[in-house]
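Good morning, colleagues. I should like to take one residue as a starting point and then turn to the chain around it. Please have the sequence and the model in view.

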Amino acid sequence: MPGVVNCPIDGKGLPLIVVSHGRRGSFLAHSDTATALADAGFVVAAINHPGDTAKDAGRTDAFSVLIERPQDMRRLTDFMLGVWKEAPVLDPQRIGLFGFSRGAYTGLVVIGGNPDFGALAGLCEKTGASTPKCVAVREGRAPTEAPVHDPRIKAAIIADPPLIEGLFTRERLAEVTIPMLLWRSALGGDGVVPEAIDELVPALSVRPDYRIAPNSSHFSFVRPCPPQLAEAAPVLCTDPPGFDRRAFHAEFNAAAVTFFRTQLK
């Protein structure tokens, strides 16, 4: 990712975009999108979610990660508006969020969604899974505390959220009222079912700008892979035949810039 360490910041009253990565991802997973937004005049801050990254996946299957991810994003926004040495250049009324995969789940919670973790019971029963979450559900230990929201977020891009039936009902999405650009892959993958995202749209009280990336799979939303990453993680970097990830990301990143420019005037 080309850039200059500690380069001078040009302007004031700048909009802020906070970024949440997917399961076992990292803050670099969407660096091309972050770069496009930064070049367009946004300040962009991405975070590693502890216990759920490529280098630290110790809690990736635990409920604690799902609970803490929205808290992570609120702390990130707190830091950028308060502790960050350049905080005075930011406009606290112009904050957006980008989230992919589990980061998209995170974004839905941050902007007002109230997930029902008990909805996992049906999936756990169907698959017979013995993950920490399924064990907790069977033992009646699914979290019930109120999730963390952040009303400072004024617009959100949500890409390919992993949804199960009942996790977010219309009632549990009633507080999600900000503008949203919702993307899904054509083919899904890694636990993402495209039809479940289709069903999310009518459950939202404010209709999102809903787009489908033709012939794409789940990881097509991750930045185009450099050679070393493509060799080390082929699942992450392999697209369906005929899909051009670089060309799609040029379109995707331009749409992100246009959306946030329009919604964070």
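F259 has a relative accessible area of 8%, and because the cut-off for a buried residue is under 20%, F259 counts as buried. I should say at once that this is a predicted model.

Where does F259 lie in the secondary structure? Its place is in helix α9, which covers residues 245-263.

Which residues, then, does F259 touch beyond its neighbours within four places in sequence? The contacts are with A155, A156 and I157, and with P179, M180 and L181. Let us take P179 from that list: P179 and F259 are 80 residues apart along the chain, yet their C-alpha atoms are separated by 9.1 Å.

Let me now turn to the chain as a whole. Its secondary structure consists of nine helices and six strands. If we consider contacts between residues at least 6 apart in sequence, 79% of them join residues at least 24 apart. As for burial, 49% of the 265 residues fall in the buried class.

On overall dimensions, the C-alpha trace spans about 55 × 40 × 35 Å along its principal axes. The radius of gyration is 18 Å, which agrees with the value near 18 Å that a compact globule of 265 residues would have.

Finally, the surface and the charges. The accessible surface of the chain amounts to about 12,700 Å², and carbon and sulfur atoms account for 55% of that area. The chain carries 27 positive and 29 negative charges, and the mean positions of these two sets are 3 Å apart.

Thank you for your attention.

Methods
Residues numbered from 1 in each chain as written. Predicted model: local features only at pLDDT ≥ 70, side-chain atom pairs only at ≥ 80, totals over all residues. Heavy atoms only, no water. Helix = DSSP H or I, 4+ residues; strand = E, 2+ residues; numbered from the N terminus. Rg over C-alpha atoms; globule rule 2.2 N^0.38 Å. Buried < 20%, exposed > 50% of the residue type's maximum accessible area, 1.4 Å probe, protein only. Contact = heavy atoms within 4.5 Å. Areas by Shrake-Rupley, 256 points an atom, 1.4 Å probe, with all protein chains shown as cover. Lys, Arg positive; Asp, Glu negative; His and termini not counted. Charge placed at Lys NZ, Arg CZ, Asp CG, Glu CD.
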